[in-house]
Amino acid sequence: MQKIGFRECHFIKVNDIDAFIEEFKKSVENLGLPEGYDVRIYKSVYGCCGVSDSNVAVEIVGSEENEIRNIDLKVTSKLMEMCQKKGLEYHFCEPMEVA
């Protein structure tokens, strides 16, 4: 049975979130995912005390929760590495939820 891991990261200031997401997707393609696992990265809109469209959602689809969590660590590391190289601030990344 397929499971989905989900995480959102909220950014403070990103000039072009769409370009950032495309670059992020390309960096994740090189991770060498196990067969039967997929990573989906897309823009997310967050509303709380206003609306922000500078958020990134990450879904990891696969059959084993432990493997989903392992892939999540690699994907999150890539995200933090990109932020560090570009000098981007992120507000926080929500914990991974697996359903």
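Select E81 and K85 to begin: their side chains meet in a salt bridge, with N to O at 3.4 Å. The model is a predicted one. Both residues lie in helix α2, four residues apart, about one turn of the helix. E81 is partly exposed, at 37% relative accessibility, whereas K85 is exposed, with a relative accessible area of 68%.

**Other salt bridges**

A search of the whole structure finds eight salt bridges. Stay on helix α2 and add K86, then E23. The side chains of K86 and E23 form a salt bridge, 3.0 Å from N to O. This pair links distant parts of the chain, since K86 is in helix α2 and E23 in helix α1, 63 residues apart. K86 has a relative accessible area of 42% and is partly exposed; E23, at 37%, also counts as partly exposed.

Next select K43 and D18. The closest N and O atoms of this salt bridge are 3.6 Å apart. K43 belongs to strand β2 and D18 to helix α1, so the pair ties together parts that are 25 residues apart in sequence. K43 is partly exposed, with a relative accessible area of 36%, and D18 is partly exposed at 42%.

To finish with charged pairs, select D38, R40 and E59. These residues are joined into one network by salt bridges that share partners.

**A charged residue without a salt bridge**

Move to E8, in strand β1. Which side chain of opposite charge is nearest to E8? It is R7, 11 Å away, and E8 has no salt bridge although E8 is buried. Show the side chain of S44 as well: the side chain of E8 makes a polar contact with the side chain of S44, at 2.3 Å. Leaving aside neighbours within four places in sequence, the residues in contact with E8 are S44, V56, A57, F92, C93 and E94.

**The cysteines**

C93, one of the contacts of E8, leads to the next stop. Select C9 together with C93. The two form a disulfide, with their sulfur atoms 2.2 Å apart, and the structure holds one disulfide. The link of C9 and C93 is right-handed, with 115° about the S-S bond. C9 lies in strand β1 (residues 3-11) and C93 in strand β4 (residues 90-93), so the disulfide ties together parts that are 84 residues apart in sequence. C9 is buried, with a relative accessible area of 2%.

Now add C83. How far from C83 is the nearest cysteine sulfur? The distance is 7.4 Å, to the sulfur of C93, and C83 is in no disulfide. C83 counts as buried, at 2% relative accessibility.

**The nonpolar core**

Hide the charged side chains and select F11, F20, F24, V39, I41, V56 and V58. These are the residues with the most contacts inside the largest nonpolar core, which has 22 residues. Colour by secondary structure to see where the core residues come from: β1, α1 (17-29), β2 (38-47), β3 (51-62) and α2 (65-86) each supply at least two. Which of these elements gives the most to the core? Helix α2 does, with six residues.

Centre the view on I41. Leaving aside its neighbours within four places in sequence, I41 is in contact with I21, F24, K25, V28, V56, A57 and V58.

**Last stop: V75**

Return to helix α2 and select V75, which lies in that helix. Is V75 buried or exposed? V75 is buried, with a relative accessible area of 1%. Display V39 next to V75 and compare sequence with space: the two are 36 residues apart in sequence and 8.7 Å apart in space, C-alpha to C-alpha. With neighbours within four places in sequence left aside, V75 is in contact with F24, V28, L31, V39 and V58. Keep F24, V28 and V58 selected and bring I41 back into view; these three are also among the contacts of I41.

Key. Residues numbered from 1 in each chain as written. Predicted model: local features only at pLDDT ≥ 70, side-chain atom pairs only at ≥ 80, totals over all residues. Heavy atoms only, no water. Disulfide = S-S within 2.5 Å. Buried < 20%, exposed > 50% of the residue type's maximum accessible area, 1.4 Å probe, protein only. Core = buried A, V, L, I, M, F, W, Y, C linked by side-chain atoms within 4.5 Å. Contact = heavy atoms within 4.5 Å. Lys, Arg positive; Asp, Glu negative; His and termini not counted. Salt bridge = Lys/Arg side-chain N within 4 Å of Asp/Glu carboxyl O. Polar contact = N/O pair within 3.5 Å; in protein donor to acceptor, adjacent residues only side chain to side chain.
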